[in-house]
Amino acid sequence: MALGKKKFRRANPSYSGDGLCLYVGMTGHSPERRFEKHKAGHKSSWWVEEFGTGLIPELYAPLNQMDWKTAQTVERRLAECLRARGHAAWQN
């Protein structure tokens, strides 16, 4: 479980255990293809490779198709927003 990792707990100090544990990332691939690559260990985040169970399209569908600089900002803000809603989030 991701919460067993100190680094993950430090990134989510106010997580109560009630929300989801989520990974927030950006890619030039479709989210489905990127998830497959993570799970296969190809240029993957070990967080997703080890702990990933699936995608939540309603969280990312409205955010697809943006330039790289915007995506970097949106990635960070989305993780912050998810944490504010009671979830734990990992993003680089």
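## Fold and helix H5 of a predicted model

With 92 residues, a compact globule would be expected to have a radius of gyration near 12 Å, and the 13 Å of the protein chain agrees with this; the value is taken over C-alpha atoms, and the rule is 2.2 Å times the number of residues to the power 0.38. The model is predicted: local features need pLDDT of at least 70, side-chain atom pairs count only at pLDDT 80 or more, and totals for chains, interfaces and linings use all residues. Residues are numbered from 1 along each chain as its sequence is written, and side-chain values use heavy atoms, with hydrogens and water left out.

The protein chain contains five helices and two strands, in the order α-β-α-α-α-α-β along the sequence. These are DSSP runs numbered from the N terminus (helices H or I, at least four residues; strands E, at least two). Of the 92 residues, 26% count as buried.

Helix H5 (residues 68-84) has 17 residues and spans 24 Å from its first C-alpha to its last, close to the expected 24 Å, which is 1.5 Å times one less than its number of residues. Its two sides are listed below, where buried means under 20% relative accessible area and exposed over 50%, with partly exposed in between (1.4 Å probe, protein chains only).

| Residues of H5 | State |
|---|---|
| Ala71, Glu75, Ala79, Leu82 | buried |
| Lys69, Arg77, Ala84 | exposed, on the other side |

The buried residues cover an arc of only 70° around the axis, which puts them on the same side of H5; the arc is that of the directions from the helix axis to the C-beta atoms. Just after H5, glycine 86 takes a positive phi of about 95°.
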